[in-house]
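Me: I'm new to reading protein models, and I'd love a close look at one small part of this one. Could you pick out the spot I ask about below and then show me how it sits in the whole?

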Amino acid sequence: MKAWRLTPSKSLTLCEEQSEATPEGNVKIKINKSLVSRPDICIYDDSISKPENLVPICSCCGMVVEVGEGVTSLSRGDRVFVKTQRFCEACLACRKGKYSDCQNVEYYGITRDGFARDFAVVQETDCAKLPDRISDDSAVFLDYIAIATQTIISTGVKKGEHLVISGMSALGLVLGQVALYHQIVPIIIDVEEKYLEKAKELGMYYTVNAKAQDPKDKIFHITGGKMAECVAHISSGEVPLSVSMDCVGKSGTLAVVGRHGGKYNLDCSLRPVIENAVTVIGIDSSGSNMQIAINMIANKAINVESLIIGTVGFMDIPTLLEETANSPDHLKKIIDFKQ
Ligand SMILES: [Zn+2]
């Protein structure tokens, strides 16, 4: 077994390791594909704390090669996406099926070893089985689609209403598509023309370059003076939270959306919370939406292929992390573990 580990000298070291046993309720998977997300970069550049000698990379898809006792939903040869969160299955919330309230939740690649390795042992319940019609390249985006879906559910934004997505990233580009699927009108704010062009290419008609235009003015015009019913502030994006807050209409909702483990600048006056009765919520979890996300890719409701800009191999993981840390790109290179 091979694994890239982050040593205390902040460098990645390739380690040869003994094969892990597959305990009851667990499966061993051979990892096929992955990608680098914002939390992976924050772990790599030391901007958030982590266990020593951690294996980075917080999500992956792979194939089941060994099945532990008591596993009923998976068999050898099944393709799976491994969810980024690992729930304890033992606390009161887990026993009630309310996984988002788990008292002992862990995060792959952040609080425990992730997937920069050829094999991993994970809980049966951490896996979502993939139908044949979903490619590995698409499957690695499932967590983004599930978080985007949770954003639509938690904010309660409805068909025909405006959803401002403030700050582009892969997550923002997915959320815009999920909004369109629900016939919600996305309005995209960013500071880079490249991402605004990508949003237009994916069917998002209204875009605002915050460097060239005042987002508040533009959204005032688009919404006929009401401002947006809902604003999703993407925490990994480049737009300040105060700009996002300014775009929320009276009694609207501001959702701060991100993946656990990111580094954020969330300084902002909360005056509008009182003066405009704005509700603020935080979303960092994919909730129970993995099956919905799988259906959306299977039915081609979401185009994730156009977010991919290349492929690298397992041995290129250190270079990819270094490159992405130095010049962040919200479009993704897929890591192909067979290369
Ligand atoms: Zn739990």
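Reply: Let's begin with a term we will need: a residue counts as exposed when its relative accessible area is over 50%, as buried when that area is under 20%, and as partly exposed in between. Please keep in mind that this is a predicted model.

Now to the close look, at Lys300. Where is Lys300 placed? Lys300 is in the loop between helix H10, residues 290-298, and strand S16, residues 308-313. With a relative accessible area of 66%, Lys300 is exposed, because that value is over the 50% cut-off. The backbone has a feature to notice too: phi of Lys300 is near 55°, which is a positive value in a residue other than glycine.

Asn53 makes a good companion. Its phi is also near 55°, again positive in a residue other than glycine. Asn53 is found in a loop as well, this one between helix H1 (38-44) and strand S4 (60-67). At 31% relative accessibility, Asn53 counts as partly exposed, because 31% falls between the two cut-offs.

For contrast, turn to Gln85, which lies in strand S6, residues 85-86. Is Gln85 buried or exposed? Gln85 has a relative accessible area of 8%, so Gln85 is buried. Leaving aside residues up to four places away in sequence, Gln85 touches Val105, Glu106, Tyr107, Tyr108, Asp126, Ser285 and Ser286.

Let's step back to the whole protein. There are 11 helices and 17 strands in it. Domain 1 takes in residues 2-141 and 304-336, while domain 2 covers 143-283. The centres of the two domains, taken over C-alpha atoms, are 28 Å apart. Where the domains meet, 23 residues of domain 1 are in contact with 19 residues of domain 2.

How does the overall form look? The C-alpha trace spans about 60 × 40 × 35 Å along its principal axes. A compact globule of 339 residues would have a radius of gyration near 20 Å, and the protein has 20 Å, so the two agree. Of the 339 residues, 54% count as buried, and Gln85 is one of the buried ones. Among contacts between residues at least 6 apart in sequence, 70% join residues at least 24 apart.

Finally, the surface and the charges: the accessible surface comes to about 14800 Å², with 48% belonging to carbon and sulfur atoms. The protein has 36 positive and 42 negative side chains, and the centres of these two sets lie 3 Å apart.

Key:
Residues numbered from 1 in each chain as written. Predicted model: local features only at pLDDT ≥ 70, side-chain atom pairs only at ≥ 80, totals over all residues. Heavy atoms only, no water. Helix = DSSP H or I, 4+ residues; strand = E, 2+ residues; numbered from the N terminus. Rg over C-alpha atoms; globule rule 2.2 N^0.38 Å. Buried < 20%, exposed > 50% of the residue type's maximum accessible area, 1.4 Å probe, protein only. Contact = heavy atoms within 4.5 Å. Areas by Shrake-Rupley, 256 points an atom, 1.4 Å probe, with all protein chains shown as cover. Lys, Arg positive; Asp, Glu negative; His and termini not counted. Charge placed at Lys NZ, Arg CZ, Asp CG, Glu CD. Domains from an automatic or database assignment.
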